[in-house]
Amino acid sequence: ERCWVPAELGGSVSSHAAARAGRRALRHTPTVNVLDIAYSLAALVTAPWWMRKTRSGWAERFARVLPELPPKREGVPRIMVHAVSVGEVNALRELVPRLAGEADVVVTVSTDTGMARARELFAERCTVARYPLDGSGAVRRFLDAVRPDAVGLVELELWPNFVRECVARSIPVAVINGRLSERSFRGYRRIRRWISPAFASLSVAAVQDGAYAERFCAMGVPADRVALTGSMKFDSSRIEDDVEGAAELAAALGIDRAGLLVVAGSTGPGEEALLHAACQRASEIVGREVQLLCAPRKPERFEEAARALPDCARRTAPSGSAGSGGSRFLLDTLGELRQAYSLADVAVVGRSFFDQHGSDPIEPIALGCPTIIGPAVSDFAEIVRVLEEASGLVRADRDVNLQAFLRAW
């Protein structure tokens, strides 16, 4: 019924009042048909790009195949929590079990990799389903089937038709673990006329820091509906001396547990080659072989990464080729990065040495691993700032500092 916000931002606000305000705002949005036409034209124009990547679940995306849900129980709310992909799913590791103790939980995901991870984490305690495309028909069919009492959108993922339909059904919608980077904010500002009513319709935006709060307000969320909650990834990352599955991963790849190991997580284009060369030079200087395991951020880059790591052992390699005594390893699976970080002597957080805007560094630090990140961290600027000030990680450029830190550590 009521959403908590800090006193300095105005106290609490009724979700019913928020819904009424959202309905007023949405009267000024384009009609559903206009949005549907715009989506169709955009899909046609961008087809050469999105058709390059294989995607499954199209019937679910159009809500032609609907999730199988148990009947709603009297007095038990049904909460839908939406996470786009693997990173957002991982952020829910602590929240979903808590919610599942009090409600029927439906976790929805957009990507194939996110679906696999969500099923691995949550299938035993809640329903995992594909989030629909934002066409009005698909949204209506999906909501008719799921019938949530409340919706939480992880980080952002604010689609106008979906929010509009929820408001029409008096379903409160919240953003949780809200994040709106400067880069994303600039993009949303260009389409503010069409997207701001969806922001204004939110019952609450629970955001990670003050900079994000200002951007949410600038996009149309009233200040008294913004809550500063920090990052949920701090909650879902925890120190463990023995991470389940880590020993099996090391054995499968042939990692020398007595040797030195650098684990580079969420790597982007060019970073595997950069780190391969850096570890070679570090090996020469310290007089010991420095092993390197890379885990690319995107599955479509696995082959490119393998070419940058000569004679690497791959997690998916047939039996016999892995564990061949080499020093380069490729984690070409999803959901095992935590195990890899737990094996590392030094962690390097990828998508940060070239123009990729950074990745989240919380997990390796929570595991007690010395952690290096590059200079490009705009998507996680506040988290990196806090951790850097607390000596939780160091930032390095790709030419000099990276070499120095690898040698020293």
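Which residues of strand β8 (residues 204–207) point one way and which the other way? In this predicted model, Val204 and Ala206 point to one side of β8, while Ala205 and Val207 point to the other. All of these residues are buried. A general pattern helps here: in a regular strand the side chains alternate between the two faces of the sheet.

Strand β8 belongs to an open sheet of seven strands, and a reader tracing the structure will find them in the order β5-β4-β3-β6-β7-β8-β9, with parallel pairing. The edges are taken by β5 (127–130) and β9 (226–228); each has a single partner strand, so one side of each is left without a neighbour in the sheet. On average, neighbouring strands of this sheet are turned by 20 degrees against each other, direction ignored.

The pairing can be followed strand by strand. Strands β7 and β8 run parallel and are joined by three bridges; here alanine 174 has valine 204 of β8 as its bridge partner. Three bridges also join β8 to β9, again in parallel, and valine 207 stands opposite leucine 228 in β9. Elsewhere in the sheet, β3 (residues 78–83) and β4 (residues 104–109) run parallel and share six bridges. Within this pairing, valine 81 is found opposite valine 107 in β4.

Helices pack against these strands. Helix α6 (residues 112–122) packs on the sheet and touches β4 and β5, its direction making about 175 degrees with that of β5. Helix α7 (residues 136–146) lies across β3, β4 and β5, and runs at about 135 degrees to β3.

Helices also meet one another. Two packed helices are described by the angle between their axes and the distance between the axes. For α9 and helix α10 (residues 192–200), the axes come within 6 Å and cross at roughly 110 degrees. This angle makes α9 roughly perpendicular to α10. On the α9 side the contact is made by Tyr188, Arg189 and Arg190, and on the α10 side by Arg192, Trp194, Ile195 and Phe199.

Charged side chains add another set of links, and a search of the whole structure finds 22 salt bridges. One of them joins glutamate 155 to arginine 179, with the closest N and O atoms 3.3 Å apart. This pair links distant parts of the chain, 24 residues apart: glutamate 155 is in the loop between β6 (150–154) and α8 (160–168), and arginine 179 is in the loop between β7 (173–178) and α9 (182–190). Are these two partners buried or exposed? Glutamate 155 counts as buried because its relative accessibility is 7%, and arginine 179 counts as buried at 18%.

A salt bridge inside a helix offers another setting to look at. Arginine 186 pairs with glutamate 182, the closest N and O atoms being 3.8 Å apart. Both residues lie in helix α9, four residues apart, which is about one turn of the helix. Here arginine 186 is partly exposed at 43% relative accessibility, and glutamate 182 is partly exposed at 35%.

Further along the chain, aspartate 332 forms a salt bridge with arginine 314, and their closest N and O atoms are 2.9 Å apart. Aspartate 332 lies in the loop between β13 (328–330) and α16 (337–343), whereas arginine 314 is in strand β12 (residues 313–314), so the pair ties together parts that are 18 residues apart in sequence. Aspartate 332 is buried, at 6% relative accessibility, and arginine 314 is buried too, at 18%. Salt bridges also link Arg61, Asp112 and Arg130 in a network.

How many disulfides does the structure hold? The count is zero. As for individual cysteines, cysteine 126 is buried, with a relative accessible area of 11%, while cysteine 217 counts as partly exposed at 28%.

A final example concerns serine 236, which is placed in helix α12 (residues 232–236). With a relative accessibility of 1%, serine 236 counts as buried. Leaving aside residues up to four places away in sequence, serine 236 touches Asn90, Ala91, Arg93 and Glu94. Serine 236 and asparagine 90 are 146 residues apart in sequence, yet their C-alpha atoms are 7.3 Å apart in space.

Technical notes:
Residues are numbered from 1 along each chain as its sequence is written. This is a predicted model: local features need pLDDT of at least 70, side-chain atom pairs count only at pLDDT 80 or more; totals for chains, interfaces and linings use all residues. Side-chain values use heavy atoms; hydrogens and water are left out. Two strands pair if DSSP finds at least two bridges between them. Helices (H or I, at least four residues) and strands (E, at least two) are DSSP runs, numbered from the N terminus. Axes are lines fitted to C-alpha atoms, for helices over the stretch in contact, and angles run from 0 to 180 degrees between N-to-C directions. Contact means heavy atoms within 4.5 Å. Buried means under 20% relative accessible area, exposed over 50%, partly exposed in between (1.4 Å probe, protein chains only). A disulfide is a pair of cysteine sulfur atoms within 2.5 Å. A salt bridge is a side-chain nitrogen of Lys or Arg within 4 Å of a carboxyl oxygen of Asp or Glu. Angles under 35 degrees count as roughly parallel, over 145 as roughly antiparallel, 65 to 115 as roughly perpendicular and the rest as oblique.
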